[in-house]
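Hello,

Here is the structure I promised to pass on to you. Have a look at it first, and then read my notes below.

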Amino acid sequence: MKIEMLRETLYSGIWGTIGPRAQEAGSLLGERWGNGFGLLMHSGTAAYETALRSLGIGHGDLVLCPAGGQRMDGEIAAAIGATPVFRKGAQGSLPLSVEDCRASLADLRQVKAVVLDDTRGLDLPGMVQVCREGGCELILNMQDNLDRTEGWEGIYAAIFDLGVCGGAVTGREEIYRSLFAWHHCGHAPGTADSLSFDQILGGDMRVSEWQAIAAMEILKEVP
């Protein structure tokens, strides 16, 4: 099947970005992980950066990260001008609990996002509520873990690294449209390329058709 898709794509002449394979694979990612809105990007770090930027995070903002978590949690936040703040759980280890998060947000101001890498045993709806009470959003950095996570619907976005590319899933269409615009040079879904950025100066985080085909093969193995 992969060879057939590669051949079809080769002869179609559509090899670049925002092609039919990329859109199909993005939808498949959203469907496989939890019937959400899925979007592929050229890497996991690109997906994470896009999520942060779509929240308007930049200089002067804080991003709460788990101590001992993924390096990209803090590195990408710092790269866009934000300040990563690292916190350990009450027991000194991952994952951060709802109470850990509540205590940290009570001590800090200007936190725009909380990033979690480990959701094992976590009261995810409770964590979403604590973030909302603290005026911030929750991002899950799932890496290559495509197992469905119960209670994820209220999060801002889940970020994935599929090896061949990255991706994001959200349960809210307005967030999907913002993520799409940030990854596609400011253009909303369905709009033609132009020099008008519709109030968003986005980046080029797009995925090629070749990457999308490889991603589909990975996603089809997910139950």
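**Notes on the structure**

Let me begin with cysteine 101, which is found in helix α5. Please keep in mind that this is a predicted model.

Cysteine 101 counts as buried, at 1% relative accessibility. Apart from neighbours within four places in sequence, cysteine 101 is in contact with Leu64, Val114, Met127, Val130 and Cys131. One of these, valine 130, is 29 residues away along the chain, yet the C-alpha atoms of the two are separated by 7.4 Å.

You may wonder about the other cysteine in that list: how far is the sulfur of cysteine 131 from the closest cysteine sulfur? The distance is 4.3 Å, to cysteine 101, and that is too far for a bond. A disulfide is a covalent bond between the sulfur atoms of two cysteines. The cut-off used here is 2.5 Å between the sulfur atoms, and a search of the whole structure finds zero disulfides. Cysteine 101, whose nearest cysteine sulfur is that of cysteine 131, is accordingly in no disulfide. Cysteine 131 is buried too, with a relative accessible area of 1%.

Cysteine 131 brings us to helix α6, where the buried residues are Leu124, Gly126, Met127, Val128, Val130 and Cys131. What do they pack against? Their partners are α5, β4 and β5. At the start of α6, aspartate 123 has a side-chain oxygen that comes within 3.0 Å of the backbone nitrogen of glycine 126. After the helix comes glycine 135, with a positive phi near 75 degrees.

Leu64, another contact of cysteine 101, leads to strand β2. Five of the five residues of β2 are buried, and both faces of the strand are covered. Leu62, Leu64 and Pro66 are on one side, with Val63 and Cys65 on the other. β2 runs parallel to strand β3 (residues 83-87), and five bridges join the two. Within that pairing, the bridge partner of leucine 64 in β3 is valine 85.

Now for the wider picture. The largest nonpolar core has 41 residues, and those with the most contacts inside it are Trp33, Leu40, Val114, Leu138, Leu140, Ile155 and Phe160. Several elements each supply at least two residues of this core, including β2 (62-66), α5 (98-107), β4 (111-116), α6 (124-133) and β5 (137-143). A second, separate core has 28 residues, among them Leu55, Val63, Ala168 and Met205.

Leucine 40 is worth a look on your screen. Leaving out neighbours within four places in sequence, its contacts include Ala22, Leu29, Leu162, His183, Val207 and Ala215.

Last come the aromatic rings. A search of the whole structure finds four aromatic pairs. In one pair, tyrosine 176 and phenylalanine 180, the ring centres are 6.1 Å apart and the planes are at 55 degrees, so the pair is tilted. Both residues lie in helix α7 (residues 173-183), four residues apart, or about one turn of the helix. Are tyrosine 176 and phenylalanine 180 buried or exposed? Both are buried. Elsewhere, Trp33, Trp152 and Phe160 form one aromatic cluster, and Trp33 and Phe160 are also among the residues with the most contacts inside the largest core.

Happy exploring, and best wishes

Methods. Residues numbered from 1 in each chain as written. Predicted model: local features only at pLDDT ≥ 70, side-chain atom pairs only at ≥ 80, totals over all residues. Heavy atoms only, no water. Core = buried A, V, L, I, M, F, W, Y, C linked by side-chain atoms within 4.5 Å. Buried < 20%, exposed > 50% of the residue type's maximum accessible area, 1.4 Å probe, protein only. Contact = heavy atoms within 4.5 Å. Phe/Tyr/Trp six-rings, centres within 6.5 Å; stacked < 30°, edge-to-face > 60°. Polar contact = N/O pair within 3.5 Å; in protein donor to acceptor, adjacent residues only side chain to side chain. Pairing = 2+ DSSP bridges.
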